[in-house]
Amino acid sequence: QVQLVESGGGLVQAGGSLRLSCAASGSIWRINAMGWYRQAPGKQRELVATITTGGTTNYADSVKGRFTISRDNGDNTMYLQMNSLKPEDTASYHCHANLYKLGYSPMDYWGKGTLVTVSS
């Protein structure tokens with residue numbers, strides 16, 4: 001069984017910062033790309049940022065220059081440093097990983113999400 005567990009969400013004022021973490025555990029052989037996605041109430045899930053095993057990153061235009069994605073391959077952990085937060089960043093943030101379980105082809109896994117609320 002594979003689990004992705006997010007943490008670090010909370011309530012913050014506009015202009016503040018939060019750091020999200022995503023820990024992957026279980027029968028993992030290798031993790032390929034990882035990423036953060038978010039879903040605001042009444043809206044579709046959208047990409048925030050992705051990172052490859054080698055560290056190549058990609059960001060949504062709305063977060064470029066404010067958010068930084070990183071990962072620790074040794075600990076199967078991913079982070080999202082969020083600075084200069086805006087009320088429009090309010091959403092449930094979900095961790096995604098494309099990974100190999102022992103003896104299986106790569107599959108996509110999702111965490112249950114951590115809520116970020118930015119007050120104006």
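Me: Why is D61 called exposed?

Reply: Exposed means over 50% relative accessible area, buried under 20%, and partly exposed in between, with a 1.4 Å probe and protein chains only. D61 has a relative accessible area of 66%, so D61 is exposed. This is a predicted model in which local features need pLDDT of at least 70 and side-chain atom pairs count only at pLDDT 80 or more, while totals for chains, interfaces and linings use all residues. Residues are numbered from 1 along each chain as its sequence is written, and side-chain values use heavy atoms, without hydrogens and water.

Me: What makes K64 and D61 a salt bridge?

Reply: The term requires a side-chain nitrogen of Lys or Arg within 4 Å of a carboxyl oxygen of Asp or Glu. The closest N and O atoms of K64 and D61 are 3.1 Å apart, so the pair qualifies.

Me: How many salt bridges does this rule give?

Reply: The count is four.

Me: Why is R38 called buried?

Reply: R38 has 6% relative accessibility, so R38 counts as buried. E46, at a relative accessible area of 36%, is therefore partly exposed. The closest N and O atoms of E46 and R38 lie 2.7 Å apart, and the two form a salt bridge.

Me: How do you know that D89 forms a salt bridge with R38?

Reply: Their closest N and O atoms are 3.0 Å apart, so the distance criterion is met. D89 sits in the loop between β8 (77-82) and β9 (91-101), and R38 in strand β4 (residues 28-39), 51 residues apart. Strands here are DSSP runs of E with at least two residues, numbered from the N terminus. Both D89 and R38 are buried.

Me: Which residues are joined into one network by salt bridges that share partners?

Reply: R38, E46, R66 and D89.

Methods:
Helix = DSSP H or I, 4+ residues; strand = E, 2+ residues; numbered from the N terminus.
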